[in-house]
Amino acid sequence: MENFTRRNFIGKAFKLLTGAAVIGMIPNSAEARIDPRKIGELRETPLSQVETKNLSPFDLPRIPKFQTLDELEIASPHLKFVDSMTLRKYTTAIVVHHAGMTRNEDMSLGAIHQIHLNNGWAGVGYHFVVHKNGVIEHARPIERVGAHAYKHNRYTVGICMTGNFDIGVPSYEQSLATEKLVVALCDHYEIVPSYDTIFGHRDLCDTSCPGQNFYLRMPELIQNVGEVLNRG
Ligand SMILES: [Zn+2]
């Protein structure tokens, strides 16, 4: 029922955003021409082809306090992009991803950047990467249109958690850092957390991302984020 409702919403939202989508089709960068199947994932797996291993469930940590984007500790490694990328005109939603590699292991932002460059993109398609040890890194400049959720990049910010949550679960530190980042982004962009504003990639595209084990925790994520924002 929940999926049905969300799909309905997405259908409506898509119609409303048709204007933006048309603008998005103008081929002003290599990314406009890339294969949609390849967008946004290091290893894109259609949802229908995924074999989820049912692992022990985990709870998301409770977020101890509200922190703004400026207050959060976020590393800013120097990355070279091949073009300047389009400015995003508005930001109304957040998309959570997993890296989706063969193993549920950490990987460097540099490696993700290189894989996306090899796809012919401007560089890493996500705006943030959250590592297993809880370190958050800036990836693609936050104000630029990302390359992480086909047809939904014009209005979203993309967060990638390293690992594969179809076969594993995130660490405590990684979950907490992701929650804190979502809180800070909601605050920054004045996004009210809900099923209509905080998405797992699979809500928008045919992919298993962010992995079944994390996707099952998305309602909890939205709830935890809402609580912290209301607490202030
Ligand atoms: Zn994804």
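## Exercises around strand β5

In this predicted model, strand β3 (residues 128-130) pairs with β5 in the parallel sense, over three bridges. Let's work outward from there.

**Exercise 1.** Find which residue of β5 stands opposite Val129, then which strand joins β5 through six bridges.

*Solution.* Start with Val129: the residue opposite is Cys160 in β5. Next, look for the six bridges: they join β5 to strand β2 (residues 93-98), and these two strands run parallel. For a concrete pair here, take Ala93, whose bridge partner in β5 is Thr156.

**Exercise 2.** Work out how many residues of strand β5 (residues 156-161) are buried, and what that says about the strand.

*Solution.* Go face by face. In a regular strand, side chains alternate between the two faces of the sheet. On one side of β5 you get Thr156, Gly158 and Cys160, all buried. On the other side sit Val157, Ile159 and Met161, and they're buried too. That makes six of the six residues, so β5 is largely enclosed by the rest of the structure.

**Exercise 3.** Decide whether Leu185 is buried or exposed, and list its contacts beyond four places in sequence.

*Solution.* First, place the residue: Leu185 lies in helix α4 (residues 172-189). Then count: Leu185 has 23 C-beta neighbours inside 10 Å. The cut-off for buried is 20 or more, so Leu185 counts as buried. Now skip the neighbours within four places in sequence, and the contacts are Leu69, Ile94, Val157 and Ile191. Val157 brings us back to β5, where this residue is buried. As for Ile94, 91 residues separate it from Leu185 in sequence, yet the C-alpha to C-alpha distance is 8.0 Å.

Conventions: Residues are numbered from 1 along each chain as its sequence is written. This is a predicted model: local features need pLDDT of at least 70, side-chain atom pairs count only at pLDDT 80 or more; totals for chains, interfaces and linings use all residues. Helices (H or I, at least four residues) and strands (E, at least two) are DSSP runs, numbered from the N terminus. A residue is buried if 20 or more other C-beta atoms lie within 10 Å of its own, exposed if 12 or fewer, and partly exposed in between; C-beta atoms are placed from the backbone. Two residues are in contact if their C-beta atoms, placed from the backbone, lie within 7 Å. Two strands pair if DSSP finds at least two bridges between them.
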